[in-house]
Amino acid sequence: MASVSNESVVLERKRTIVSALCNSRSLEPAKFLDDVTNDLKSLSINIMKTALENNEEFNKWVTYAENFPSDSKGCSDGLSQLNESLSGKSVLVGGGSTPSEADIIVFSTIHPYVIALPISDKNKLPHLLRWMDYIQNKHDFKELFKWIVLEKAPFDPPLAKPAAKVEAEPNTKKAAPNAKAATSGADTEKKSDLPKKQATGNAEAATEKKKVAEKVPDDKDKELSVSLLKIQIGLIRKASKHPSADSLLVEEIDVGEGKCRQVVSGLAKFCSPEELTNRLVALITNVKPGKLRDVVSEGLVLCASNADHTAVEPLIVPAGAKIGECVTFSGHEGKPEDVLNPKKKQLDKITPNLFTDGKGVATFKGVPFMTSAGPCTSTIPNAIVK
């Protein structure tokens, strides 16, 4: 009997997760609810249309949700584990501040348990409650979940302390009988010397101001955000050898603009034209057009390469990504430049922070290149991306 009861809890949990995921993607859950007998990962991937089988972080939290216990002791341990995991981050997956599907799945799983906790137990889970409050404010789950009220301590700005009153010394208004004479006798400076001293003081102040100004970092040394780049998903419609350079290939790439962009890339030693044809690539489209050996190039295909440049390949775009969509980076939202300025060396300053991680996921400072179908990757781990 207990087994039947537990099975019904699991099925109800999956229904809730399916409804929440569909809600986040503006999908109708009815057509997915018939599949709740499938494992949670298959259900999630079917809804998201995303190849996440090899995403270790996503899989870890799906397993956590699928195996979340319903007994009191197991539930308490599971929530404590999650609270500890959230102590140093805003969301479960992605390294930024944008909730992922994993966050929605785990939120849906633990919600009925957390909302039933007494206040004393909730107070022991500050990181988890902070995260749940963030998720419910970030996603409009309609009537799917009852709102979790989080008691937030009011912030009272400190009041400025009143300035201390300075007690005037008695008899200060009364000058000493010989004070004027003493002052006159001690004052050996001529009035004609005052302008000279003032000029000297002004010069010293100007010098000091100049020194302070020199310490202010110049704009050209500021770290640049990857959001300046416009990276779009493109489909190589045609690839051919460069007419006058054996190391170069010329590709006709469709980024949804009505006509293809002509792009020249140094891939001839690593890929044949046939291998590139009909392949999705990540293309920087806001570089200034230029000529490479007399052939105009209107973009830059992003590739991963090992340290000695003996292995090079275009980044792998997940199946299902849409032609023309922009690659995004969680926590780095911003408007890309219309055209990158070569004189400012913006690209040169950003590309040193592009690399693949140990699992081959393409990142900017560890934040994945994300598309609507998942992250861009490479078969070369710990690679340079440029």
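Okay, quick one today. When I say a helix, I mean a DSSP run of H or I with at least four residues, numbered from the N terminus. Keep that in mind for H1. And just so we're clear, what you're looking at is a predicted model.

Let's start with the enclosed space. How many cavities of 30 Å³ or more does the structure hold? One. The largest cavity comes out at a volume of about 30 Å³. Who's around it? The lining is Val-10, Arg-13, Lys-14, Ile-17, Leu-40, Ala-65 and Glu-66. Helix H1, residues 2–24, and helix H4, residues 56–66, are the elements that each put two or more residues into that lining. H1 gives the largest share, with four residues. If you sort the lining by class, you get four nonpolar residues and three charged ones, with no polar residues.

Okay, over to the open side of things: the second largest pocket. Here the volume is about 610 Å³. There are 28 lining residues, and the ones lying nearest the centre are Val-287, Leu-292, Gly-299, Leu-300 and Leu-347. Which elements give two or more residues to this lining? Four strands and one helix, if you go through the names: S3 (261–265), S5 (290–292), S7 (300–301) and S8 (303–305), plus helix H12 (346–350). As for the class split, this pocket's lining has 14 nonpolar, nine polar and five charged residues.

So, to recap the two sites: the cavity lining has no polar residues, while the pocket lining has nine. H1 supplies four residues to the cavity, and H12 is among the elements that line the pocket. That's me done, happy to pull either site up on screen.

Definitions and conventions:
Residues numbered from 1 in each chain as written. Predicted model: local features only at pLDDT ≥ 70, side-chain atom pairs only at ≥ 80, totals over all residues. Heavy atoms only, no water. 1 Å grid on protein atoms, 1.4 Å probe; cavity = no way out; pocket = protein on both sides within 12 Å on 5 of 7 lines; lining within 4 Å. Points joined across faces, edges and corners; volume = space filled by probe spheres on them. Nonpolar A, V, L, I, M, F, W, Y, C, P; charged D, E, K, R; others polar.
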